[in-house]
Amino acid sequence: MNLRKSTAALLSLVLLLGLGTTACAAPAQQVENPSGYADVTPGDWFYDAVTYCQQQGLMTGTSPTHFDPQGSMTRAMLSTALYRQAGSPAVSGKAGNRFDPQGTATRAEVAAILRNLATNSTPDPAEGKVLIAYFSCTNNTANIAQHIQAALPGATLYQITPAQPYTAADLNYSNDDCRANREQQDPATRPALAGQVENLAEYDVVFLGYPIWWGQPPKIIYSFLEAHDLQGKTVVPFCTSGGSGYSDAGIRDIPQGANWVTGQRFSGGASQSSVQAWVEGLDLPTTPETPSTEEGTNLMTIEANGSTWTATLVENSSTAALKERLGQGPLTLSMEDYNSMEKVGPLGFDLPTNDAPIDAQTGDLILYQGNQLVLYYGTNHWNFTRLGKLNGVSREEMLQVLGRGDVEITLRLGAPS
């Protein structure tokens, strides 16, 4: 978005937002330092935006001591004001192909929008490859989801909504017969969803958020995972809990062929800075990997029992040495089954290692102890060296070709001829 407006024009825009007279008070009402607001402190995701708007005279608090960052306005009001005052800037819709005109934007979000407009830094939504799907009844998980979106501009928020909303009585944990208790105690329960994510194929990364109910994810998360094909996507779970620890028990095996990374638990009041630090520590893909067919390719061919697969290798010293070896000719390995989750076999030579904690998934190629190749058809967490991943091969296909016993595979550098 290329938008250059004067401070006066932006101030007029705020006046049209319907935020109340105190939201746009004269400069005499401003607080010199936004930290003077009792509800705005360093570390809040909106701190910089409020600072900017306060300094520019665009927005002040609802009182001299409070900014009221969670105060709301409708998206329809916001889009109308932006259209009239700022030359038709785009206001993107929500997942599910909905604009949601009566949905609300918080005052903190409006402050961020104003800052982005003035600094010409609004990200292009088309660049976003991240979906943040979350289920939240008390807004604790919703708050974390919004922090993640602030850390990843361009990401899309999607609220997982039950067809039958949860009431306060449904969540009365002291009542053994409340709806939430009954659902958590029944392994077969799958609460119906009010909708599904459209255009899911556009996303490479799916953050999945939920509260912890009795040490486990709510059953509606099972419903969501079973209703959406996440094969080939990176799934990043996060949860909220006041006391229970992190848990993804029971849901990791549902998205077949997904790259499920280690998740994180937050308290509902976790700061934007703590969430951003976690997000920045993740190794997230930015664009879909496109296998190369040029010289020095990162493609490797795997042949087994008459079937031929391709794998895309990562870039590290381990794969560089492996490609150098395969440049001398194909390599045949004898693989044996281990623990009903992998095929493993000796390379016959050592490779450099680049070990790190890895959540291995179906199709992952792993180097173990520097001299053994592991091909996963299940999941595991350990310190390994990642070599690459099979392209578009399901767990069922791997088991059909490789079987449950010993098998020989042949590795060749490059795509099948």
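Let me start with one residue, K389, which counts as partly exposed at 24% relative accessibility. K389 forms a salt bridge with D364, and the closest N and O atoms of the two are 3.0 Å apart. This pair links distant parts of the chain: D364 sits in strand β14, residues 364–368, while K389 sits in strand β16, residues 380–390, and the two are 25 residues apart. The partner, D364, has a relative accessibility of 1%, so D364 counts as buried. One side of this bridge is therefore buried, and the other is partly exposed.

Before going on, please keep in mind that this is a predicted model.

Now the whole chain. Of its 417 residues, 47% count as buried. The chain has ten helices and 17 strands. It exposes about 19600 Å², and 46% of that comes from carbon and sulfur atoms. If we take the contacts between residues at least 6 apart in sequence, 73% of them join residues at least 24 apart.

Back to charged pairs. Side chains of opposite charge can pair when their charged atoms come close. How many salt bridges does a search of the whole structure find? The search finds nine.

Another of the salt bridges joins the side chains of R190 and E226, at 3.0 Å from N to O. R190 lies in the loop between α6 (179–185) and β5 (205–211), and E226 lies in helix α7 (residues 219–227), so this pair ties together parts that are 36 residues apart in sequence. R190 is at 32% relative accessibility and so counts as partly exposed. E226, at 48%, also counts as partly exposed.

Next come D248 and R252, whose side chains meet in a salt bridge at 3.1 Å, N to O. Is D248 buried or exposed? D248 counts as buried, because its relative accessibility is 11% and the cut-off for buried is under 20%.

There is also a linked group: D170, R179 and E183 form a network of salt bridges.

Helix α6 came up a moment ago as one end of the loop that holds R190. N181 is found in that helix, α6. N181 is buried, with a relative accessible area of 4%. What does N181 touch, leaving aside its neighbours within four places in sequence? The contacts are N172, Y173, N175, D176 and W214.

A second buried residue to look at is L347, with a relative accessible area of 6%. L347 is placed in the loop between β12 (342–346) and β13 (356–360). Not counting residues up to four places away in sequence, L347 touches L331, L333, L367, N371, Q372 and L373. Take L367 from that list: L347 and L367 are 20 residues apart along the chain, and their C-alpha atoms are separated by 9.5 Å. L367 also falls within the range given for strand β14, the strand that holds D364.

Last, the cysteines. How many disulfides does a search of the whole structure find? The search finds zero. Two cysteines can be pointed out here. C137 is partly exposed, with a relative accessible area of 34%. C239, by contrast, counts as buried at 0% relative accessibility.

To recap, the search finds nine salt bridges and zero disulfides. The pairs to find on the screen include D364 with K389, R190 with E226, and D248 with R252.

Definitions and conventions: Residues numbered from 1 in each chain as written. Predicted model: local features only at pLDDT ≥ 70, side-chain atom pairs only at ≥ 80, totals over all residues. Heavy atoms only, no water. Helix = DSSP H or I, 4+ residues; strand = E, 2+ residues; numbered from the N terminus. Buried < 20%, exposed > 50% of the residue type's maximum accessible area, 1.4 Å probe, protein only. Contact = heavy atoms within 4.5 Å. Areas by Shrake-Rupley, 256 points an atom, 1.4 Å probe, with all protein chains shown as cover. Salt bridge = Lys/Arg side-chain N within 4 Å of Asp/Glu carboxyl O. Disulfide = S-S within 2.5 Å.
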